[in-house]
Amino acid sequence: MSGATPMLEIRDLHASVEGREILRGIDLVVRAGEVHAIMGPNGSGKSTLAQVLAGHPAYTVTAGSVRYEGQDLLEMDPEERARAGVFLAFQYPVAIRGITNAYFLRSALNAVRKHRGLPELDPLEFMDLLADKLKAIDSDDSLMSRPVNDGFSGGEKKRNEILQMAVLEPKLAVLDETDSGLDIDALRTVAGAVDKLRRPDNATIVVTHYQRILNYITPDHVHVLSGGRIVLSGGKELALELEARGYDWVRAEAAV
Amino acid sequence: MTSIEAQVLQPYKYGFVTDIESEVVPAGLNEDIIRLISAKKREPAFMLEWRLKAYRHWITLTEPTWANVKHAPIDYQAIVYYAAPKQAKSLDSLEQVDPKLLETFEKLGIPLAEQKRLAGVAVDAVFDSVSVATTFKETLAQQGIIFCSFSEAVREHPELVERYLGSVVPYTDNYFAALNSAVFSDGSFAYIPKGVRCPLELSTYFRINAAASGQFERTLIVAEEGSYVSYLEGCSAPIRDANQLHAAVVELVALDDAQIKYSTVQNWYPGDEEGRGGIYNFVTKRGKCAGRNSKISWTQVETGSAITWKYPGCILQGDNSIGEFYSVAVTNHRQQADTGTKMIHIGKNTRSTIVSKGISAGHGQNTYRGQVKILKGATGARNYSQCDSMLIGDQCGAHTFPYIDVRNSTAIMEHEASTSKIGEDQIFYCRQRGLAAEDATSMIVNGFCKEVFRELPMEFAVEAQRLLGISLEGSVG
């Protein structure tokens, strides 16, 4: 299938925040059915890449291009990207007081469905759909009647992100350090759910500092980001090597 | 700032002018004007006397300046104190009401014609200085409930008016209350007899139409022992370049075991983006829990007015009585609001709850000012206050002035306050899930106001949420 148009094609992407250049020429091609891990030391630009793909207004793209399903992704508003199937699981999910998770998620789903030409769901239809989705990822509805991320524990927030992902069925999911702050049991639950959502027609980019999440979500490709560039790419074994040897040797090699 | 504050203003939707011939008195205020107003309304002597006393007191007062608002001096001699649409002398049925007036209220979403009336809501429609029509009067009368315009009450039920008028807000209360007492033109009157639970929501819709006129209405609600009533007021005004004064007085009296729920959705014209025009809303609202176990709740959603100066309060005189105040106040563009409540605990085991949500956007300035007073005899009194402010953008302001005066050591006081900023991150999170920026803002703001909205009667909660969306459209991008 390598001849088909890739789902995501990033070419020489440069981006800055508050005038500081963070991404300095990223090249990355992601095809349907693939899982890519983006690894790298703190400050290498991993989260910036995730935010830029989702269209966070604080980041400015200064050069390069990003094509998503043949469209110019950088021309699209954040909500247009979301409706077209780009999903970002936030490293720090944001709380919204007074709005239940169920209401929030139904509003989001209906915005996406409307865009896709599907009828909007009323609360009862939504609860039915939700029950199916929760079952598929072995979750329950205990978070649904609580206000969005308000007073959630770190684990609950991350679980909630994946739950939203299950309901919204993105084509391209970007997980921004979804493993950070999770204990080993929570990690297993959350990462296990992500793995269950893998399909031949969707793709996932896992942004992470540590290898351990990749024990649950096996990547097809692993990339190491350093100084705003991908300095090394390989298969899943690269992640294990990084875990064992740290990032310094990559930086040293990249500098050569 | 970046995309926050970037969108354009949604124009005020109720800004149209009704082209109708009005009968107005000359501008300015003196005893002759007051006599003229009183004569036009064919009032009994006690009423005129009371007005004149109020006027004589008012001229000894000076306008208060302690509120955290700024405006050019008001020329009280330039205001027209009485304006009424010309119509048949007495209105026995809706057929005699000028169709233009019916049309106006229909446009505002308040159909008065029998077949179109809002189910479950009795409406008194006030246009400039007079009440145009009151619906469901007969239905209510069957249970002994009186719901009519204030003018009619003065003529038909003078004994009730004389007994309760000024009993909660005396004309000496403050500058604007004194002015209102001297010149008030109309408003609503409701009386719920002993043991009756009012089967309908009672509602008054106030419309200012005439230019250069002020609106000075007065509402009086009396709930006899064991009765219950839920009352809602709404209001709007045309877009005009000059500021218009609205100085109303509302008095509520709840006797033993009675309950009054008073809700306001205030949508006076707020002025334009530069702060030109708009209503000065200087209002005195107070309820007296005169009886044991009585309860008065104020719920207000304030989205309009150039300047709001208003502190709906409760005097908790009866033992075990309860006062509540739930408020959402929005200031966008150049709007200024100085609003809050007063809870005066006199009786034993009296309880009060204050939940105030202030939202500031644009150059809006929002001040919460609240007083909780526990008097010596108020053993076991409790107060819970929560004041939350939300800022949208970085040009607006939120201020909180709580005054607490406790003279009984058994009192329990709780006060919580928070200020939050609607952030780019919050909006971005919603957009990343597929919601448009405006829907995201309205969702976040509605969530912030939820504790207040759930206190509103069902029909109006929806209206309030919609209104909030409109007044904030354009404040976040």
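These legends go with a set of close-up views of a predicted model with chains A and B.

**View 1. How confident the predictor is along chain A.** Before zooming in, check the confidence: the mean pLDDT of chain A is 92, and 98% of its residues reach 70 or more. Among the elements of chain A, strand S6 (residues 86-89) has the highest mean pLDDT, 98. Helix H8 (residues 248-255) of chain A sits at the other end with the lowest, 76. As a rule of thumb, predicted coordinates should not be read in detail where pLDDT is low.

**View 2. The six-stranded open sheet of chain A.** Read across this sheet and you get the strand order S6-S7-S8-S3-S9-S10, with mixed pairing. S6 and strand S10 (229-234) of chain A are the edge strands, each pairing on one side only. On average, neighbouring strands here are turned by 20 degrees against each other, direction ignored. Helix H1 (residues 46-54) of chain A packs on the sheet and touches S3, S6, strand S7 (172-176), strand S8 (203-208) and S9 of chain A. The direction of H1(A) makes about 145 degrees with that of S7(A).

**View 3. Strands S3 and S9 of chain A, side by side.** Strand S3 (residues 35-39) and strand S9 (residues 221-226) of chain A pair in the parallel sense, over 4 bridges. For a pair to pick out on screen, take A:Ala37, whose bridge partner in S9(A) is A:Val222.

**View 4. Edge strand S6 of chain A and its side chains.** Which residues of S6(A) point one way, and which the other? A:Val86 and A:Leu88 go one way, A:Phe87 and A:Ala89 go the other, and all are buried. That fits the usual pattern: in a regular strand the side chains alternate between the two faces of the sheet. S6(A) runs parallel to S7(A), and 4 bridges join them. One such link starts at A:Val86, which has A:Leu172 as its bridge partner in S7(A).

**View 5. The four-stranded open sheet of chain A.** Here the strand order is S2-S1-S4-S5, and the pairing is antiparallel. The edges are strand S2 (20-30) and strand S5 (71-72) of chain A, each pairing on one side only. Strand S1 (residues 8-17) and strand S4 (residues 59-68) of chain A run antiparallel and are joined by 8 bridges. In this pair, A:Val17 finds its bridge partner in A:Tyr59 of S4(A).

**View 6. A positive phi at A:Asp138.** Phi of A:Asp138 is near 55 degrees, a positive value in a residue other than glycine. Where is A:Asp138 found? Look in the loop between helix H4 (123-136) and helix H5 (154-168) of chain A. A:Asp138 counts as exposed because just 10 other C-beta atoms lie within 10 Å, and the cut-off for exposed is 12 or fewer.

**View 7. Helix H1 of chain B, with a buried side and an exposed side.** In helix H1 (residues 31-40) of chain B, the buried residues are B:Ile34, B:Ile37 and B:Ser38. Why are they on the same side of H1(B)? They cover an arc of only 95 degrees around the axis, so they share that side. The spacing makes sense too: an α-helix has 3.6 residues a turn, so residues three or four places apart point the same way. What these buried residues pack against is helix H2 (45-58) and helix H7 (175-183) of chain B. On the other side of H1(B), B:Asp32 and B:Ala39 are exposed.

**View 8. B:Arg42, just after H1 of chain B.** B:Arg42 lies in the loop between H1 and H2 of chain B. B:Arg42 is not a glycine, yet its phi is positive, at about 50 degrees. B:Arg42 is exposed, with 10 other C-beta atoms within 10 Å.

**View 9. Where chain B touches chain A.** The contact involves 18 residues of chain B and 22 residues of chain A. On the chain B side, helix H8 (424-432) and helix H9 (437-453) each supply at least two residues. H8(B) gives the largest share of that side, with 7 residues. Sorted by class, the chain B side has 7 nonpolar, 6 polar and 5 charged residues.

**View 10. Chain B as a backdrop.** The secondary structure of chain B comes to 10 helices and 23 strands. Of the 477 residues in chain B, 57% are buried. Among contacts in chain B with a separation of 6 or more, 83% join residues 24 or more positions apart.

Note on methods. Residues are numbered from 1 along each chain as its sequence is written. Chains are lettered from A and ligands numbered from 1 in the order in which they are written. This is a predicted model: local features need pLDDT of at least 70, side-chain atom pairs count only at pLDDT 80 or more; totals for chains, interfaces and linings use all residues. pLDDT is the predictor's confidence in each residue, from 0 to 100. Two strands pair if DSSP finds at least two bridges between them. Axes are lines fitted to C-alpha atoms, for helices over the stretch in contact, and angles run from 0 to 180 degrees between N-to-C directions. Two residues are in contact if their C-beta atoms, placed from the backbone, lie within 7 Å. Ala, Val, Leu, Ile, Met, Phe, Trp, Tyr, Cys and Pro count as nonpolar, Asp, Glu, Lys and Arg as charged, and the others, Gly among them, as polar. A residue is buried if 20 or more other C-beta atoms lie within 10 Å of its own, exposed if 12 or fewer, and partly exposed in between; C-beta atoms are placed from the backbone. The arc is that of the directions from the helix axis to the C-beta atoms.
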